[in-house]
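Reader: Hi! Could you take me through the ligand site in this model, with a close look at what lies around the bound molecule?

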Amino acid sequence: MIKNGHTTAMGTPFDKLRFDNSMLRELPIDPIAENRSRQVRGAFVSRVAPTPVNAPRLVAYAADVASNLGLDEADMTQSETAEILSGVRLAEGMDPFSTCYGGHQFGHWAGQLGDGRAISLGELINADGQRRELQLKGAGPTPYSRSADGRAVLRSSIREFLCSEAMHHLGIPTTRALSLVTTGDTVMRDMFYDGRPEPEIGAIVCRVAPSFLRFGHYEIAAAQRDLKLLKTLVDYTIKHHGSELGLRPKDGPIELFRSVCLRTAETIVEWMRVGFVHGVMNTDNMSILGHTIDYGPYGWLDDYDPSWTPNTTDSQHRRYRFGAQPQIGHWNLAQLANALLPLVGRADPLQLALDEYRSVFQGQYQDMMRRKLGLADYKASADDDLVQAVCASMSLTETDMTLFFRCLAHLSPGHADDSDEAILAVVTPAFYTPDTITDSIRTQFVDVLRTYLHRLGQQAEFAEQQRIDLMNANNPVFVFRNYIAQQAIESATDGDFTEISRLLETIKTPYDDPLVPADHKGKRPDWARDRPGCSTLSCSS
Ligand code: AMP
Ligand code: MG
């Protein structure tokens with residue numbers, strides 16, 4: 001009904017949705033209406049209109065996200081929908097805003113950050129009574145843009161759109177993505193940070209989540225020493241998102257914090273299960289609901305290497321490397337605890353929750369590895385050794401983590417009497433350079449596999465098919481490998497979006513081998529080994 005501020009006669013498919021903008025209603029609003037970069041104090045939300053784009057085109061959407069919101073195929077393919085999903089037009093009930101947050105970036109307090117290129121169109125309540133915030137990423141400058149342009153390019157938008165959906169179908173808590181729109185405008189980006197910016201295709205993803213609140217929202221209120229502001233946000237969070245966090249209405253900041261610790265542990269265990277590396281675990285990229293959020297220079301392990309990070313900005317210290325994620329989760333939660341401390345008044349309960357994060361993480365990690373290895377139960381210290389030995393074996397020679405665990409399901413206690421060669425052959429498809437394997441590596445690898453076989457032999461009560469099913473339900477065939485993303489990006493940049501459509505299908509059944517096409521389940525090909533985008537990425541997006 002409203003064309004970016006101007007009422008028009010035509011309706012839109014979104015008009016029928018029930019918007020309920022609780023953030024604007026219940027949190028302090030920035031009193032300045034002007035859209036220029038500034039420090040905002042004493043408020044969490046700034047009303048801001050998306051800056052219209054030239055020629056919006058809907059190139060992909062996630063049908064199940066649409067249907068969860070109450071939108072069907074006919075709604076999604078109307079021309080007004082592309083206009084809404086690019087910020088050109090607003091529907092009835094939408095009231096766009098950006099939010100104020102701070103954050104610790106790479107271990108240091110960075111002050112105010114905020115939604116520099118994210119504009120929420122509003123929050124709706126779906127048919128199941130669930131709250132869903134619709135947020136455009138790349139819809140133009142906001143008061144939090146600092147000196148940047150508020151835009152996003154096609155390559156990073158494809159990565160966010162497909163990866164958040166891939167994560168969802170892998171069963172990992174994440175923000176969702178409704179749509180991917182190209183804007184018809186170009187955006188200048190210095191992709192390699194080498195002083196040579198080039199025009200790129202502009203794009204906007206519409207993200208969907210119950211809330212995009214981050215640790216940084218609580219941190220900025222604490223940094224401003226504004227207890228009232230902080231309390232308002234904590235109360236708001238418990239009131240509107242408490243049930244999602246398993247809280248009761250009378251719970252307060254301690255219970256909230258404890259729940260965030262548990263959710264964060266669960267999500268990071270899941271990242272470790274599938275070889276996902278977030279890449280930029282700054283506290284402004286940590287969801288209060290424990291969702292995976294802000295898909296930037298993330299990556300997936302091809303060959304198993306706990307010291308790997310996809311983020312070139314972090315290549316020296318590797319703060320956010322795969323193996324450090326559990327510990328970084330703890331560090332980030334400690335920053336949230338510091339922010340909440342003035343409200344709680346004493347450190348003990350927060351410290352207790354932080355300690356609980358460690359023990360819960362450990363227990364869940366063990367259980368996750370139990371399922372990956374197909375064990376009926378986990379015998380604390382003996383199986384810790386087994387897990388460690390299996391992980392160490394993958395580092396003996398370049399071993400594809402995803403393929404390795406799928407191969408492992410083919411090993412059965414019956415193999416115990418087989419030759420070393422026959423046993424190693426079961427996992428050889430996971431090796432990147434089988435020709436370089438020395439006798440010593442072969443012996444060590446076979447030793448570990450025999451230990452594993454011996455362990456399987458101890459669980460006679462666990463039917464073979466049951467074990468295989470357990471493993472295959474926890475070890476994906478398909479993960480959204482960096483080179484797969486890059487191929488989709490390269491063809492989309494040439495105007496061909498068919499690979500994106502194919503991937504939208506593949507990501508739905510990541511554990512179901514027959515349903516994953518051959519070219520989506522192979523190892524990383526050799527040409528992709530060191531190619532930008534296929535191995536590592538810069539933050540430029
Ligand atoms: P990120 O590293 O993507 O999590 O972003 C860190 C901060 O920079 C956030 O406050 C973003 O909103 C902001 N930011 C990143 N890219 C842009 C951009 N192109 N325009 C405005 N703000 C941006
Ligand atoms: Mg971010």
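Author: Happy to; here is a walk through the surroundings of ligand 1 and then the metal ion. Please keep in mind that this is a predicted model.

Let's start with the setting. Ligand 1 sits in the largest pocket, where 17 residues surround it, the closest being G114, G116, R146, G150 and N285. Sorted by class, this shell consists of 8 charged, 6 polar and 3 nonpolar residues.

Now for the polar contacts, going along the chain. D149 places a polar side-chain atom 3.1 Å from a nitrogen atom of ligand 1. At G150 the backbone takes part: one of its polar atoms is 2.8 Å from a nitrogen atom of the ligand. N285 uses its side chain, with a polar atom 3.0 Å from an oxygen atom of ligand 1. On its own, ligand 1 has 490 Å² of accessible area, and the protein covers 80% of that.

N285 also leads us to the metal. The magnesium ion, ligand 2, has N285 (OD1) and D294 (OD) as its protein donors, at 1.9 to 2.2 Å. Are these two residues buried or exposed? N285 has a relative accessible area of 10%, under the 20% cut-off, so it counts as buried. D294 is buried too, because its value of 13% is also under 20%. N285 thus appears twice in this picture: its side chain has a polar atom 3.0 Å from an oxygen atom of ligand 1, and its OD1 is a donor of the magnesium ion.

Key
Residues numbered from 1 in each chain as written. Chains lettered and ligands numbered in written order. Predicted model: local features only at pLDDT ≥ 70, side-chain atom pairs only at ≥ 80, totals over all residues. Heavy atoms only, no water. Near = heavy atom within 4 Å. Polar contact = N/O pair within 3.5 Å; in protein donor to acceptor, adjacent residues only side chain to side chain. Areas by Shrake-Rupley, 256 points an atom, 1.4 Å probe, with all protein chains shown as cover. 1 Å grid on protein atoms, 1.4 Å probe; cavity = no way out; pocket = protein on both sides within 12 Å on 5 of 7 lines; lining within 4 Å. Sits in = over half its atoms within 2 Å of the grid points. Nonpolar A, V, L, I, M, F, W, Y, C, P; charged D, E, K, R; others polar. Donors = N, O, S within 2.8 Å, 3.2 Å for Na, K, Ca; no water. Buried < 20%, exposed > 50% of the residue type's maximum accessible area, 1.4 Å probe, protein only.
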